[in-house]
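Dear colleague,

Please find below the structure I promised to pass on to you, together with its sequence. My notes on what was found in it follow directly after.

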Amino acid sequence: MSQTAESPAQEQTVAAVHEALADVLDREVSDLGPDAKLFDDYGLDSTGVLDLLMRLEELLDVEFDTEELEMSHFATVRTLAAYVAATR
């Protein structure tokens, strides 16, 4: 599988997702890859999603529209980072 270079904004978004997820799960997530399944691999639940969004809002100074949220945005680190990047 080839990797594409990420822009600085994408790297910042992915780093923020890692940090926020570590905070929400209260554990290290250093092995978190872009295709890691947030629910299946890391045990994220609906309460965790809300906590994760609040933490990302703080870290990235963004505001998410809860009307637009879909569970598919939280499928993997990659889908979440793409959603966050589109919001910024």
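Asp61 sits in the loop that runs between helix 2 and helix 3, in what is, as a caution for everything below, a predicted model. Although Asp61 is not a glycine, its phi is positive, at about 55°, and with a relative accessible area of 72% the residue is exposed.

Two further residues of the loop between helix 2 and helix 3 deserve a look, beginning with Thr76, which belongs to that loop and, because its relative accessibility is 14% and buried means under 20%, counts as buried. Leaving out residues up to four places away in sequence, Thr76 touches Pro34, Asp35, Ala36, Lys37 and Leu38. For one of these, Ala36, the separation from Thr76 is 40 residues in sequence, while the C-alpha to C-alpha distance is 5.3 Å.

The other residue is His73, which is likewise placed in the loop between helix 2 and helix 3 and is buried, its relative accessible area being 16%. If neighbours within four places in sequence are set aside, the contacts of His73 are with Glu68, Thr79, Leu80 and Tyr83.

Turning to the loop between helix 1 and helix 2, you will find Asp26 there, a residue that is not a glycine and yet has a positive phi of about 55°. Asp26 is exposed, with a relative accessible area of 70%.

As for the helices themselves, helix 1, covering residues 8-25, packs with helix 2, covering residues 46-60, at an angle of about 135°, and their axes lie 9 Å apart. Angles over 145 degrees would count as roughly antiparallel and those from 65 to 115 as roughly perpendicular, so the angle of about 135° makes helix 1 oblique to helix 2. The crossing of these two helices is right-handed. On the side of helix 1 the contact is formed by Gln12, Ala16, Val17, Glu19, Ala20, Leu21, Asp23 and Val24, and on the side of helix 2 by Gly48, Asp51, Leu52, Arg55, Leu56, Leu59 and Leu60. Sorted by character, the residues of this contact comprise 9 that are nonpolar, 2 that are polar and 4 that are charged.

Finally, there is the question of which residues touch the most other members of the largest nonpolar core. That core has 23 residues, and those touching the most other members are Leu32, Leu38, Leu52, Leu56, Phe64 and Leu80. At least two residues of the core come from each of helix 1, helix 2 and helix 3, the last of these spanning 77-87. Leu52 and Leu56 also take part in the contact between helix 1 and helix 2, Leu38 is among the residues that Thr76 touches, and Leu80 is among the contacts of His73. Leu32, for its part, is in contact with His18, Leu21, Tyr42 and Val77, once its neighbours within four places in sequence are left aside.

With best regards

Technical notes
Residues numbered from 1 in each chain as written. Predicted model: local features only at pLDDT ≥ 70, side-chain atom pairs only at ≥ 80, totals over all residues. Heavy atoms only, no water. Axes fitted to C-alpha atoms, helices over the stretch in contact; angles between N-to-C directions. Helix = DSSP H or I, 4+ residues; strand = E, 2+ residues; numbered from the N terminus. Parallel < 35°, antiparallel > 145°, perpendicular 65-115°, else oblique. Left-handed = near helix turned anticlockwise from the far one by under 90°. Contact = heavy atoms within 4.5 Å. Nonpolar A, V, L, I, M, F, W, Y, C, P; charged D, E, K, R; others polar. Core = buried A, V, L, I, M, F, W, Y, C linked by side-chain atoms within 4.5 Å. Buried < 20%, exposed > 50% of the residue type's maximum accessible area, 1.4 Å probe, protein only.
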